[in-house]
Amino acid sequence: MRRLTYLPAAQRDLVKILTYISRESGSVALGQDFVARLRRQCRHLAELPGTLGRARPELRRDIRSFPIGNHVIFFRYRDDVLEVVNILEGHRDIDQHFTEVQSS
């Protein structure tokens with residue numbers, strides 16, 4: 001089993017998702033439940049053998065993605081670690097996001 005880590009950007013994404021869902025729904029519990037679901041999926045990806053997700057060389061050569069609901073988990077493998085890079089809403093301009101990240 002791989003070790004699971006979250007980059008600071010992914011941790012910030014989870015906080016933003018929690019805040020948004022809690023505000024829009026009026027329920028912190030709904031936000032917490034959805035973030036827990038995202039974290040469970042990340043843990044599941046780390047537990048499974050092999051290379052999972054879709055390769056995303058158009059974003060960066062080492063990035064892979066896995067959809068969950070209307071969000072997408074972006075991650076990469078680093079030896080025995082699955083590193084969650086970002087968790088973004090699927091409707092966002094993903095190409096633009098990764099272009100901005102690379103240029104900063």
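The following paragraphs go through selected residues of this predicted model, from the start of the chain to its charged side chains.

Met1 sits in the segment before strand 1, which spans 3-6. Its relative accessible area is 79%, so Met1 is exposed. Exposure does not leave Met1 without partners: setting aside residues up to four places away in sequence, Met1 touches Ala46 and Glu47. Arg54 is 53 residues from Met1 in sequence, and the two C-alpha atoms are 20 Å apart in space.

Helix 1 covers residues 8-25 and contains Asp13. Asp13 is buried, yet this residue has no salt bridge. The nearest side chain of opposite charge belongs to Lys16, at 4.7 Å. A salt bridge here requires a side-chain nitrogen of Lys or Arg within 4 Å of a carboxyl oxygen of Asp or Glu. Apart from neighbours within four places in sequence, the contacts of Asp13 are with Asn86, Ile87 and Leu88.

One of these contacts, Ile87, is a residue of strand 5. Ile87 counts as buried because its relative accessibility is 2%. What does Ile87 touch, not counting residues up to four places away in sequence? The list is Asp13, Leu14, Ile17, Leu38, Cys42, His71, Val72 and Ile73. Ile87 can also be placed relative to Lys16: the two are 71 residues apart in sequence, while their C-alpha atoms are 9.9 Å apart in space.

Strand 5 (81-89) is joined to strand 4 (71-78) by a loop, and Asp79 lies in that loop. Most residues other than glycine have a negative phi. Asp79 is not a glycine, but its phi is positive, at about 55°. Asp79 has a relative accessibility of 78% and therefore counts as exposed.

The charged side chains come next. The structure holds eight salt bridges. One of them joins the side chains of Arg78 and Asp62, with an N to O distance of 3.7 Å. Arg78 belongs to strand 4 and Asp62 to the loop between strand 2 (54-55) and strand 3 (64-68), so this pair ties together parts 16 residues apart in sequence. Both ends are partly exposed: the relative accessible area is 40% for Arg78 and 22% for Asp62.

Arg78 also meets the side chain of Glu83 in a salt bridge, at 3.4 Å from N to O. Glu83 in turn forms a salt bridge with Arg76, where the N to O distance is 2.4 Å. Are the residues of this Arg76 and Glu83 pair buried or exposed? Arg76 is buried, with a relative accessible area of 10%, and Glu83 is buried as well, at 13%. These bridges belong to a network of salt bridges that links Arg60, Asp62, Arg76, Arg78 and Glu83.

A further group of charges lies on the surface. Which residues gather there in a patch of positive charge? They are Arg37, Arg39, Arg40 and Arg43. Of these, Arg40 is found in helix 2, which runs over residues 28-47. Arg40 has a relative accessible area of 45%, so this residue is partly exposed. A residue must have over 30% relative accessible area and no salt bridge to be part of such a patch.

How values were computed
Residues numbered from 1 in each chain as written. Predicted model: local features only at pLDDT ≥ 70, side-chain atom pairs only at ≥ 80, totals over all residues. Heavy atoms only, no water. Patch = residues over 30% accessible without salt bridge, like charges linked within 9 Å, V, L, I, M, F, W, Y side chains within 5 Å. Areas by Shrake-Rupley, 256 points an atom, 1.4 Å probe, with all protein chains shown as cover. Lys, Arg positive; Asp, Glu negative; His and termini not counted. Charge placed at Lys NZ, Arg CZ, Asp CG, Glu CD. Helix = DSSP H or I, 4+ residues; strand = E, 2+ residues; numbered from the N terminus. Buried < 20%, exposed > 50% of the residue type's maximum accessible area, 1.4 Å probe, protein only. Contact = heavy atoms within 4.5 Å.
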